[in-house]
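Q: Got a model here I'd like to go through with you. Can we start with the cysteines and move on from there?

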Number of protein chains: 2
Amino acid sequence: MHGPDSTHDPALRSWVESANVPGCDFPIQNLPFGRFRTHGSEPWRIGVAIGDQILDLKLASELCPWPARVSVWLEPLAAGDLNTFMALGTRPRRAMRAALSAALADRSDQGPFLELCLVPQAQAQMSLPCQISNYTDFFTGVHHATTVGKLFRPDNPLLPNYRWVPIAYHGRASSVVVSGTHIRRPNGQYKPQEQDEPIFGPTRRLDYELELGVLVGTGNALGMAKTMAQAEEDWFGMVLLNDWSARDVQSWEYQPLGPFLAKSFASTVSPWVVTREALEPFRQPFVRADGEPAPLPYLDADDNRERGAIDVQLEVQLQSRAMRERGQEPVRLSQSNFRDAYWTVAQMLAHHTVNGCNLQAGDLLGTGTLSGPQPEQGGSLLELSAGGWHPVILPGGETRSFLLDGDRVILRAWCERRGARRIGFGECAGLVEPALPWPPLL
Amino acid sequence: MHGPDSTHDPALRSWVESANVPGCDFPIQNLPFGRFRTHGSEPWRIGVAIGDQILDLKLASELCPWPARVSVWLEPLAAGDLNTFMALGTRPRRAMRAALSAALADRSDQGPFLELCLVPQAQAQMSLPCQISNYTDFFTGVHHATTVGKLFRPDNPLLPNYRWVPIAYHGRASSVVVSGTHIRRPNGQYKPQEQDEPIFGPTRRLDYELELGVLVGTGNALGMAKTMAQAEEDWFGMVLLNDWSARDVQSWEYQPLGPFLAKSFASTVSPWVVTREALEPFRQPFVRADGEPAPLPYLDADDNRERGAIDVQLEVQLQSRAMRERGQEPVRLSQSNFRDAYWTVAQMLAHHTVNGCNLQAGDLLGTGTLSGPQPEQGGSLLELSAGGWHPVILPGGETRSFLLDGDRVILRAWCERRGARRIGFGECAGLVEPALPWPPLL
């Protein structure tokens, strides 16, 4: 059931030629879902990324013959409603994937119809991929937790609960935005160390956080926990997530109820949802280091130990205004891998529901900042600049302790291994705009 | 503009006789909005509570003549969509209140039509009053913060940020339920003090929290902060809120990102939204004690100092299973007043948006536990039982450190002062059910 199926065959090619270019994020083995439009006044439509094109599923449902069963499942997609499709569960998603893969494969009978349903990605505007009603952010990046903990508690970087509880907080769902949305530097309250009283103004410590976001497929009724097996079945796919953070606001406000305004001004996700099925070939054993405690039974399962980890490579790039003006490409700040996380996706879902909390289709669960084990693998500037003390040097000589106005941050992720076709997540980008004056100008 | 208007005249009587009974929660001076139905298969309809009746606004819009302008504003209400009406702002809400007050007043011409639109509350099932897309819980109860802080830090109960920042955390919106919904005791992970490792099971320290919930009226666009004046204009009304808490889970999980599963299993609100207009006669000056710092300018306004506080009396009652079986009425556990909160409603909204976070119509902002200054005024069992060490004694001799299965918790609130008609919030009740076994039975 979980083995490679024909949709993962690395030799499979598409009649959409751009999908066959080596290094392409969206070969026929990926087939992520997103919402797009080509004119500002249109309703959002659901499409599947293939090469540098989008297959418009509304047009495809109208112009192309499909097997009867698949037609039923195409209905919500054709109506622009990804959430309903997400809630259907694994079987419809697998069947749809097989049907799309067959239709987009070289020499498909459906090719002549579907050619009429392609929209160049360059001509499309993207939206959030679905209605995100709830956003939870976890803290699975143990290297991030350790490095940041060291800044506050050099002798005891990891709190005692970390190895037992998949720590998380509820984030703000209304301010989740899609890649490309400009990010306004937030105003806020913070207390410089040398002062007795807090001050108010634009944050001086604006940061990014390199994360993946899990989108929930099938939810659960209030009061009904998911087992690990259900949790593994019930997630739909993944996006990139930049959990922008105002570090000065965060350190002043976070005791005792956790981060609030330091995070809720914006969180950016990538527009294409890479499905659980597309990630199958990149699953790996989930192994805890010697000396780490075994998870409590509600967070443990054979399947999770055998294939709970996912080998997703991650990268942060930055392009300053000066670099843009000089025509310089973005520079890579760091790289890491989701494989190094302390908790798996199934553990996140199972933990979230164990108290009866009801997850809903389209809920976003962030992994938390995914830093690697080496100091240069920090998934935030807070880590890379050691709390602001050792600024990062950019090409051209600029330095960054934290983000400046005009900086563009780009997250990327991809999966590759021998014997599988490389797939990518596209990009998750945002440009920092200057703060608005306070009080607001009328 | 903010003075008493004719809808507050304490002598005003309704042709709905039950509304004129002294002590009634819903006299003609109140007119709260709610969503109800009389059969399980019907769509939810919006109504206004009057005495022991509900005025069905769908029927009322069809059967009764209304001024043209009011008819337009009745449309979303007649369609069952309170959120759209909430977003319209103050002027439509005041006009609707004046029209409803005139129509329900003694000797109204509309009486004969509206008599056909009354549904007894006893025959109605209530729902959440609106779509609650986001839930934020503040920490404005300074006596709660101090008492709970003392349990952890006897010498330094209030953290240094408390007097400057309206502390809050994002709550879980999907598990907000309406009064009457049974509350399943959650399972979870916690570490008994005498053990080295955490255990898993039903919480042993289930608690309630006595709160008010503010419902947002007009929202704000992402990036655009509300001034204090806008914040004061832009809230719609209030409900009672019970922020059920699992204290053992909370103390084990909350570092460093705040409460998560300890709260997200359920939060109960009362079904009737008491509007800002109904609360007008109970506004009071907002005065900080000597020695307390002045709020930063973004949290300060003349209007807020002059009338930012609201005199809302609050009460918690408990009825155990044994009391129910003996036919004993619920016993009062404590009383407090929202007037004693450290931050006002306008300060909560202004703070929430100052970083650009976008509030939406129907968002729920909890006040945090509202305890009074005296030890017997704790708004939670954690406080009343001093961390579980001094159990509360119930009539009949039972004791409670925390809630037991079968306990029914009822929150009540009301406003009264000389020269105004008393108004009430109705009740916010929930019965504790035993935990489900884990792993779940199939």
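Q: How many disulfides over all chains?
A: The count comes to zero over all chains, taking a disulfide as a pair of cysteine sulfur atoms within 2.5 Å. Bear in mind this is a predicted model, where local features need pLDDT of at least 70, side-chain atom pairs count only at pLDDT 80 or more, and totals for chains, interfaces and linings use all residues. Residues are numbered from 1 along each chain as its sequence is written, chains are lettered from A and ligands numbered from 1 in the order in which they are written, and side-chain values use heavy atoms, with hydrogens and water left out.

Q: Which cysteine sulfur is closest to that of C64(A)?
A: The one in C117(A), at 6.8 Å, which is too far for a bond. C64(A) is buried at 6% relative accessibility (buried means under 20% relative accessible area, exposed over 50%, partly exposed in between, with a 1.4 Å probe and protein chains only).

Q: And what about C415(A)?
A: Its closest cysteine sulfur is in C24(A), 14 Å away, again too far for a bond. C415(A) is buried too, at 0% relative accessibility.

Q: OK, switching to rings. How many aromatic pairs in the whole structure?
A: A search finds 22 over all chains. Rings of Phe, Tyr and Trp (its six-membered ring) pair if their centres lie within 6.5 Å; planes under 30 degrees apart are stacked, over 60 edge-to-face, and the rest tilted.

Q: How are the rings of Y162(A) and Y342(A) arranged?
A: Their centres are 5.5 Å apart and their planes at 55°, so the pair is tilted. Y162(A) is in the loop between α6 (142–152) and β7 (168–170) of chain A, and Y342(A) is in the loop between β21 (331–337) and α12 (345–353), 180 residues apart. Helices (H or I, at least four residues) and strands (E, at least two) are DSSP runs, numbered from the N terminus.

Q: Buried or exposed, those two?
A: Both Y162(A) and Y342(A) are buried. They also form one aromatic cluster with F139(A) and W343(A).

Q: Where does R276(A) lie relative to W235(A)?
A: Over the face of the ring, 5.9 Å from its centre. The rule is NZ of Lys or CZ of Arg within 6 Å of the ring centre and within 35 degrees of the ring normal. In chain B, the charged end of R276(B) sits over the ring of W235(B), 5.9 Å from its centre.
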